[in-house]
Amino acid sequence: DVVMELIEVLDPADTTAPGGVYAHLRGPDVDAGPQPATGENLVGKVAGTCSAIRAAVEARSSNARSSNDAARDGSAVDRLLDDRWELVVLSAHARTEPPDLGAALRRVGRRRELELAAVSGGGGMEALDSKKVLDSATALKHLIALVGGEALYEAALGTYDLSLAYLVGTHSAMDPGEFVADLKRLQDIESEPLRRADVDARLGRWPSCVENLLRGGDIAGACEVAERRRLFPHALAALSESLAAEGSASSKESAVEVRREVTRAYAAFLSRERRHEDAAVALLSVGESRAALDEYREAVAWRPTLALAARLRLSHNERTSIAEEICEALE
């Protein structure tokens, strides 16, 4: 309990600064040295302290009985603790800068899964028989007391685990009529990527929203968000990574077509922004040479216009007409 109290009162401010609790411990030579900018290294103080406390607690409990192996999926996961030291770990996650509520909630979710497995006869949590074992409800109530029900509900949604969000809602003071309907609406979205995109939009995680819309096949929706949030470069980078990861020829062909469609939308956006040369470059990257020529003409960029016209093997009359048009625009 004392450690949790320490975590809760952590302050990023310098306690040895003038006016601080330990200002009298500040040596005279400190003020003469270079001073950090406002806020510099102060946030790191809280994060570093929380990280050190988590590491110390886990080291202390390294030989304690743990039953989280049933929840392992092949990746390294933090060891769940069976006593109140687990609350210390949750507090450290909640108070670090920035708060990592997702990590804290995932620990609660894993504990809940183990409890359900034990109750259903799946085994893996013999420690449930002991009264000293911390249960998921206690852990969840601890987090709610620290950050509040609504903030924790939003964080639970951010993990994309609707059952975990429901668990938070039922243990907090939230109106069931609100969060149940909210979760039902999300559950009714059949596509997992589109459901995640909906959550991302709600939480303002726009880069992730664009990626999930693309994964869900809502290209128009992805382009709309990308334009509104100026995230077309991010969308194209995500598509390039996806294309590189595709294995089959049909999948690659589909990914190429999606990238072409998004690039066209990006070029249209750049054109509306009167960035015609940038739009032309984008169009050229997907082989839209004739459309790129039109953008160069709009930009009155005579060198790339005439070079591209020659590469397209336009007739002499067409090239002459384009040259005359550019000359008139330059006068």
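Buried means under 20% relative accessible area. The legends below apply this cut-off to a predicted model.

**Figure 1. Overall composition of the protein chain, an assembly of 17 helices and zero strands.** Of the 331 residues in the chain, 36% count as buried. Among contacts with a separation of 6 or more, 53% join residues that are 24 or more positions apart.

**Figure 2. Helix H7 (residues 162-171) and the helices that cover its buried residues.** Within H7, the buried positions are Leu162, Leu164, Ala165, Leu167, Val168 and Gly169. An α-helix has 3.6 residues a turn, so residues three or four places apart point the same way. The cover over the buried residues of H7 includes helix H4 (101-119), helix H5 (136-147) and helix H6 (149-158). Helices H8 and H9 (192-203) are also part of that cover.

**Figure 3. The largest nonpolar core, made up of 40 residues.** Leu105, Leu140, Leu143, Leu152, Tyr153 and Leu157 have the most contacts inside this core. Two or more residues come from each of helix H1 (2-8), helix H2 (43-60), helix H3 (85-95), H4, H5, H6, H7 and H8. The greatest contribution is that of H3, which gives six residues. A separate core of 35 residues includes Trp206, Leu270, Ala282 and Leu283.

**Figure 4. Surroundings of Leu152, one of the residues with the most contacts inside the largest nonpolar core.** When residues up to four places away in sequence are not counted, Leu152 touches Leu101, Leu105, Leu140, Leu143, Ile144, Val147 and Val168. Of these partners, Val168 is among the buried residues of H7, and Leu105, Leu140 and Leu143 are listed with Leu152 among the residues richest in contacts within the core.

**Figure 5. Asp182, a buried residue in helix H8 (residues 176-187).** Asp182 is classed as buried because its relative accessible area is 11%, which lies under the 20% cut-off. Setting aside residues up to four places away in sequence, Asp182 touches Tyr153, Leu157 and Arg202. Tyr153 and Leu157 also appear among the residues with the most contacts inside the largest nonpolar core.

**Figure 6. Trp206 in helix H10 and its contacts.** Trp206 counts as buried because its relative accessibility is 17%, under the 20% limit. This tryptophan belongs to the core of 35 residues. Apart from neighbours within four places in sequence, the contacts of Trp206 are with Ala201, Val225, Arg228, Arg229 and Leu231. Trp206 and Leu231 are 25 residues apart along the chain, and their C-alpha atoms are separated by 8.2 Å.

**Figure 7. The second largest pocket, with a volume of about 280 Å³.** The lining consists of 14 residues, of which Leu214, Arg215, Ala238, Leu239 and Ser242 are the closest to the pocket centre. At least two lining residues are supplied by each of helix H10 (206-215), helix H12 (232-245) and helix H13 (249-272). H12 provides the largest share, six residues. By residue class, the lining holds six nonpolar, four polar and four charged residues.

**Figure 8. The buried cysteines Cys50 and Cys209.** Cys50 is buried because its relative accessibility is 0%. Cys209 has a relative accessible area of 3% and is therefore buried as well. The count of disulfides in the model is zero.

Key:
Residues numbered from 1 in each chain as written. Predicted model: local features only at pLDDT ≥ 70, side-chain atom pairs only at ≥ 80, totals over all residues. Heavy atoms only, no water. Helix = DSSP H or I, 4+ residues; strand = E, 2+ residues; numbered from the N terminus. Buried < 20%, exposed > 50% of the residue type's maximum accessible area, 1.4 Å probe, protein only. Contact = heavy atoms within 4.5 Å. Disulfide = S-S within 2.5 Å. 1 Å grid on protein atoms, 1.4 Å probe; cavity = no way out; pocket = protein on both sides within 12 Å on 5 of 7 lines; lining within 4 Å. Points joined across faces, edges and corners; volume = space filled by probe spheres on them. Nonpolar A, V, L, I, M, F, W, Y, C, P; charged D, E, K, R; others polar. Core = buried A, V, L, I, M, F, W, Y, C linked by side-chain atoms within 4.5 Å.
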